[in-house]
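Me: Please take me through one part of this structure closely: the aromatic rings and the helix that carries some of them. I'm in my first year, so please explain each term as you go.

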Amino acid sequence: MALSKTGYYDKPEGQDLFGKMVATNTYAATAGLAWSTVDVLMLTHPKGYLPTLARFAYNTGPMMGMASAFTLATYLSTNVRGKDDRLNYFIGGFAAGGVFGAWRRSHVAGLVMGLFFG
């Protein structure tokens, strides 16, 4: 199976952590690079290659971190609890919100986005 064709729901929940990580991080990297392009071209206008790459890393890295936190928390809660239900996705969404709050340096934003993602 090619890594680019890996889907999140190819295997049951609680199995194939690596495949699920690849699937979610592919979407996160795509969204992060798209948003970074908009940010660089229309909002921040960095001067030079290094500041431009830094803006791409600033936007794409946390998005991939949120995807990884969601996937890992959902995987772990499924295996620890032994159930595949909506609570696992809520826990994963809340973990992603925690990464968002750390990125924005605001625990309130992390809480709100954790509830939203959950």
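**Aromatic rings and a helix**

Reply: Let's start with Tyr-8, which is buried because its relative accessible area is 11% (buried means under 20%, exposed over 50%, and partly exposed in between, using a 1.4 Å probe and protein chains only). Tyr-9 has 62% relative accessibility, so it counts as exposed. Before going on, please note that this is a predicted model, in which local features need pLDDT of at least 70 and side-chain atom pairs count only at pLDDT 80 or more, while totals for chains, interfaces and linings use all residues. Residues are numbered from 1 along each chain as its sequence is written, and side-chain values use heavy atoms, with hydrogens and water left out.

Now for the rings. Seven aromatic pairs turn up when the whole structure is searched. In one of them, Tyr-8 and Tyr-9 have ring centres 4.9 Å apart and planes at 80 degrees, so this pair is edge-to-face. In another, Phe-90 and Phe-94 are tilted, with 5.9 Å from centre to centre and 35 degrees between the planes. Here, rings of Phe, Tyr and Trp (its six-membered ring) pair if their centres lie within 6.5 Å; planes under 30 degrees apart are stacked, over 60 edge-to-face, and the rest tilted. Tyr-8 and Tyr-9 also belong to one aromatic cluster with Phe-70 and Tyr-89.

Tyr-8 has a charged companion too: the charged end of Lys-20 sits over its ring, 4.3 Å from the centre. For this, NZ of Lys or CZ of Arg must be within 6 Å of the ring centre and within 35 degrees of the ring normal. Arg-104 does this with Trp-103, its charged end being 4.3 Å from the ring centre.

Next, the helix. Phe-90 and Phe-94 both lie in α3, four residues apart, or about one turn. (Helices are DSSP runs of H or I with at least four residues, strands are runs of E with at least two, and both are numbered from the N terminus.) Phe-90 is partly exposed because its relative accessible area is 31%, and Phe-94, at 34%, counts as partly exposed. The buried residues of α3 include Asn-88, Phe-100 and Trp-103. Among what covers the buried residues are α2 (49-81) and α4 (107-117).

How far apart are the end C-alpha atoms of α3? They are 27 Å apart, which agrees with the span expected for the 19 residues 86-104 at 1.5 Å a residue; the expected span is 1.5 Å times one less than the number of residues. Just after α3, Arg-105 takes a positive phi of about 55 degrees.

Terms used:
Contact = heavy atoms within 4.5 Å.
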